[in-house]
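User: I'd like to learn how to read some features of a protein model. Could you walk me through them?

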Amino acid sequence: MNYFFPPHAWFLFLTATLSLILGINTWHRRYILTGKILMYFMFSVTLWAFFSGIEAVTASLAGKIFWSKMEYFGFVWAAPLCFLLILSYTNNWKWANPSLLVVLAAISLITLILAWTNEYHNLIWDAFYTGSDKLNIIVYSHGIWFWIFNIFQFCLYCFNLVVLIDRLRFQKAPYRQQTITILVATLIPVVSGVLYIFNISPIPGLDWMPISTFFTGVIFAWSMHYYRLLDLVPIARETLVEQMLDGMIVLDDQQRIIDINPSARKMVANGENIKIGDHLADVLPELSSTISVSKSRSTTQILSYQETQDDQRFVDVRFTLLTGSKADANCSLVILRDITKRKNMEDSLNQANQELEKRIEEIQKLQHQLKEESIRDPLTNLYNRRYLMDAMQREFARARRDQYPVSIILADIDHFKRVNDTYGHLVGDGVLQQLSRILVSSFRLEDIVCRYGGEEFIIVMPDTTIETALSRIDSTRVLVESTILDISEQKVQITLSAGIAIFPDQGSDIDTVIKEADKALYRAKLEGRNRVIAGAISD
């Protein structure tokens with residue numbers, strides 16, 4: 001096969017190389033939808049330009065036709081991908097419904113199939129003519145489907161131009177410069193396509209579209225480098241970000257500021273001097289240190305700015321990590337909110353709450369103390385008669401419901417008057433106190449030990465048989481008898497008598513049961529004291 005290298009062939013290979021490099025360079029931004037579409041667009045241009053270059057250097061007609069068919073592997077996708085690129089960049093996905101996407105893919109696939117089967121229908125090319133010998137060009141006479149597909153392409157490109165021009169009316173730097181570069185990059189293939197299709201090119205038969213895409217690639221590369229295309233993607237920014245009251249700072253994976261709104265500039269020191277591309281550590285070091293530590297997770301913190309000696313400002317900072325589904329790098333969003341008024345109010349409320357909590361705590365302690373004093377005997381610290389009546393009422397009700405017995409022990413110090421007469425009332429009070437401690441330690445936690453009056457004590461034992469109660473109080477009696485009480489340097493020995501009654505066998509109410517216990521105590525006294533008597537249970 002003979003080859004001839006005309007000048008434009010070298011330019012086509014250069015275009016393919018540039019497009020391939022740009023597509024590869026866009027690979028690491030593929031987690032951004034706009035970047036992914038741009039990558040596919042540049043790869044389609046690579047195929048288109050590369051096979052156009054081979055077609056340009058091929059001398060035979062059959063070879064040229066073959067490589068022209070190969071061009072269609074890139075050519076048919078360029079316009080649809082450019083259309084999707086503009087939709088993604090301008091956030092106009094409302095136009096890209098599933099039906100439209102199916103139509104785009106179907107037309108492109110049909111065109112590709114028709115190109116490869118052209119010899120059967122001539123819908124793409126219906127004749128071939130010799131063009132410039134110096135440039136090794138043949139002139140293609142096109143069939144009806146070629147015109148349909150080019151009208152389809154022209155409509156897509158025109159839509160792109162309209163959308164971009166409309167977006168220019170509202171944008172600010174650097175987004176305006178981005179859009180202008182994309183507009184120019186899109187316009188170049190349109191102009192070159194018109195020159196070729198309508199045969200108004202100075203070189204008949206020379207297809208300028210794949211050649212002109214060289215400048216499209218150069219412009220995209222320029223925009224990505226100087227205007228941060230794909231790093232700064234505008235999404236309704238003018239109506240959302242610019243006017244939001246909260247401050248917003250967007251950072252790339254290297255903590256460079258890629259967007260900042262007016263509210264954020266007002267909230268931070270020297271905010272008006274911050275430029276897009278500045279590193280966060282250089283302009284906001286107080287934020288950079290925290291975000292560096294927390295760059296693997298979202299965090300919240302509060303910064304304090306002392307603007308003057310008497311004016312302190314508080315800013316709530318919320319750092320959110322933004323990760324694409326297949327991202328190799330992370331961007332982050334920093335939201336700033338001035339909470340000075342709220343913070344001052346919170347401090348005032350916290351101080352008031354602390355004082356109120358302190359007062360409430362004091363009141364609760366006082367209430368608890370008053371409650372304890374109302375149900376405790378002040379001398380022995382045992383429950384008093386008032387508490388005893390309430391407790392027995394509860395215990396009897398529970399015992400009646402669950403059907404278990406309650407033993408009631410009425411205990412009395414033998415000859416207590418003799419103790420008072422012999423040692424004095426202070427010693428008598430000490431005897432009552434020490435006996436109370438012995439009683440509490442001798443019975444269960446669920447048992448209720450009360451001072452019934454004078455030297456009399458009542459012990460309520462829930463869910464306890466009369467035999468168990470008899471054994472427990474008798475053991476306590478023996479302990480009391482064997483204990484020498486040392487009170488105010490006086491050695492005192494006492495004995496204890498007790499009577500036992502049981503609910504409900506000896507009474508169905510409090511007074512009856514206590515009366516039965518008192519009878520048993522009376523018998524213990526009559527039989528010589530220092531003993532325990534259980535009341536008789538009637539059959």
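User: What volume does the largest cavity have?

Analyst: A cavity is found on a 1 Å grid over the protein atoms alone, as a set of points where a 1.4 Å probe fits but cannot get out. Grid points are joined across faces, edges and corners, and the volume is the space filled by probe spheres set on the points. Here the largest cavity comes to about 350 Å³, and the structure holds three cavities of 30 Å³ or more. This is a predicted model, where local features need pLDDT of at least 70, side-chain atom pairs count only at pLDDT 80 or more, and totals for chains, interfaces and linings use all residues. Residues are numbered from 1 along each chain as its sequence is written, and side-chain values use heavy atoms, with hydrogens and water left out.

User: Which residues lie nearest the centre of the largest cavity, and which helix gives the most to its lining?

Analyst: Lining residues have an atom within 4 Å of a point. There are 28 of them, with E55, E71, Y140, Y196 and D207 nearest the centre. Helix α3 gives the most, five residues; helices (H or I, at least four residues) and strands (E, at least two) are DSSP runs, numbered from the N terminus. The lining divides into 17 nonpolar, seven polar and four charged residues. Ala, Val, Leu, Ile, Met, Phe, Trp, Tyr, Cys and Pro count as nonpolar, Asp, Glu, Lys and Arg as charged, and the others, Gly among them, as polar.

User: Now a helix: which residues of α17 are buried?

Analyst: An α-helix has 3.6 residues a turn, so residues three or four places apart point the same way. In α17, the buried ones (under 20% relative accessible area, 1.4 Å probe, protein chains only) are I466, A469, I473, T476, R477 and V480. Looking down the axis of α17, they fall within an arc of 105 degrees, taken from the directions from the axis to the C-beta atoms, so they line one face. That face packs against β8, α16, β10, β13 and β14, with contact meaning heavy atoms within 4.5 Å.

User: And the backbone: where is the cis peptide bond?

Analyst: Most residues other than glycine have a negative phi, and most peptide bonds are trans. The bond from F503 to P504 is cis, with omega near 5 degrees, and P504 sits in the loop between β13 and α18. Q403, not a glycine, has a positive phi of about 60 degrees. Q403 is in the loop between α14 and β8 and is exposed (over 50%) at 72% relative accessibility.

Note on methods:
On a 1 Å grid over the protein atoms alone, a cavity is a set of points where a 1.4 Å probe fits but cannot get out, and a pocket is an open set with protein on both sides within 12 Å along at least five of seven lines; lining residues have an atom within 4 Å of a point.
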